[in-house]
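Student: I am new to this structure. Please take me through it, and tell me how each label is earned.

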Amino acid sequence: MEIPTNRTPTNTKLGNQVIAVYGQAKIGKSTFASQFPNALFAATEPGLNFLEVYQVTINTWGDFRDLCNALAKDPKHVETLVIDTVDLLYAHCEAHVCADNKVTHPSQGNHGLVWSKLKTEFNRVLTKLTMLRTASGEPMGLVMISHDRVVEEDTRTGVKRYSAPDLSNSPRTIVEAKADLLLFADTEQDGSRVFRTTPNDRWRGGDRSGFLSETMPLNYNAIVEAFGKGESNE
């Protein structure tokens, strides 16, 4: 292995990023994701009837791994993979790991062994996804969609409650850590739909790019425009 002598250039193209989107049902998460370039939906649940998209039905963890292997071998036209939803994908992963270890729940493993295997398998596959390339050699975009839930966390000053992706702590940490953008789909008092992009006591959020305002319209073109302005200011 040779030590590099040149720095890698920054990649500020929206379609090359890893994005996690979460929020209440029917707020527009799938519609937002469908507008990414040549998006392929790994559909773990129904709900795409009114969207004209490429989609593959995912009923098992094996289905998903087969799809990932196919994309790694020949992505064809696909430029963005959309997991809709990552909540149910994790449930498929859990069922798969439990079956492999002949238990019905990860807690039945000795000394947390099955929990550890589950975390490793989920993280391993998502990590491989973040390294997929399109046919042109660019990083493949990854959009992970999740429902939301209220998390209660004990702190020294009392119980803290905030909205977060509908995953238990371990897989949620994995998803959030991989996301360049963590977007909470929410509504304003006037009923308009928005993305919350920064951390808050009431929700999880994140923006590694620094291009987005704290509150953005829940609109694909608005996010594209913000990225465009960010690129021009660099």
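Tutor: Start with charge. Lys and Arg count as positive, Asp and Glu as negative, while His and the chain ends are left out. Keep in mind that this is a predicted model.

Student: How far apart are the mean positions of the positive and negative charges of the protein chain?

Tutor: They are 5 Å apart. The protein chain has 25 positive and 29 negative charges.

Student: What makes the radius of gyration of the protein chain agree with that of a compact globule?

Tutor: Set the value against the rule. The rule is 2.2 Å times the number of residues to the power 0.38. For 234 residues it gives a value near 17 Å, and the protein chain has 18 Å, so the two agree. The C-alpha atoms fill a box of roughly 55 × 50 × 45 Å along the principal axes.

Student: What share of the residues count as buried?

Tutor: Buried means under 20% relative accessible area. By that cut-off, 45% of the 234 residues are buried. The protein chain exposes about 13,100 Å². Carbon and sulfur atoms supply 48% of that area.

Student: What share of contacts comes from residues 24 or more positions apart?

Tutor: Contact means heavy atoms within 4.5 Å. Among contacts with a separation of 6 or more, residues 24 or more positions apart account for 61%.

Student: Which secondary structure elements are there?

Tutor: The protein chain has six helices and eleven strands.

Student: Why is strand E4 called largely enclosed?

Tutor: E4 covers residues 80–84. Five of its five residues are buried, so the rest of the structure largely encloses E4.

Student: Which way do the residues of E4 point?

Tutor: In a regular strand, side chains alternate between the two faces of the sheet. Thr80, Val82 and Asp84 point one way from E4. Leu81 and Ile83 point the other way. All of them are buried.

Student: How do you know that E4 pairs with strands E2 and E5?

Tutor: Pairing needs at least two bridges between two strands. E2, residues 39–43, is joined to E4 by five bridges. Five bridges also join E4 to E5, residues 141–146. Both criteria are met, and E4 runs parallel to E2 and parallel to E5. Look at Thr80: its bridge partner in E2 is Ala39, and in E5 it stands opposite Gly141.

Student: What makes strand E8 mostly covered?

Tutor: Count its residues. E8 spans residues 181–187, and six of the seven are buried.

Student: Which strands does E8 pair with, and in which sense?

Tutor: Strand E1, residues 18–23, pairs with E8 in the parallel sense over five bridges. One of the partner pairs there is Val21 with Leu183. Strand E9, residues 193–196, is antiparallel to E8, with four bridges. Here Phe184 has Arg196 as its partner. Strand E10, residues 206–207, is also antiparallel to E8 and has two bridges. Two just meets the cut-off of at least two. In E10, Leu181 is partnered by Asp207.

Student: What lies between E8 and E9 in their hairpin?

Tutor: Five residues lie between them. In the turn, Gly191 has a positive phi of about 90°.

Student: Where is Glu94, and which residues does it contact beyond four places in sequence?

Tutor: Glu94 sits in helix H3, residues 86–100. Beyond its sequence neighbours within four places, Glu94 contacts His105, Pro106 and Leu118. The C-alpha atoms of Glu94 and Glu121 are separated by 9.2 Å, though these residues are 27 apart along the chain.

Technical notes
Residues are numbered from 1 along each chain as its sequence is written. This is a predicted model: local features need pLDDT of at least 70, side-chain atom pairs count only at pLDDT 80 or more; totals for chains, interfaces and linings use all residues. Side-chain values use heavy atoms; hydrogens and water are left out. Buried means under 20% relative accessible area, exposed over 50%, partly exposed in between (1.4 Å probe, protein chains only). Accessible areas come from the Shrake-Rupley method with a 1.4 Å probe; for residues, only the protein chains shown count as cover. The place of a charge is taken as NZ of Lys, CZ of Arg, CG of Asp or CD of Glu.
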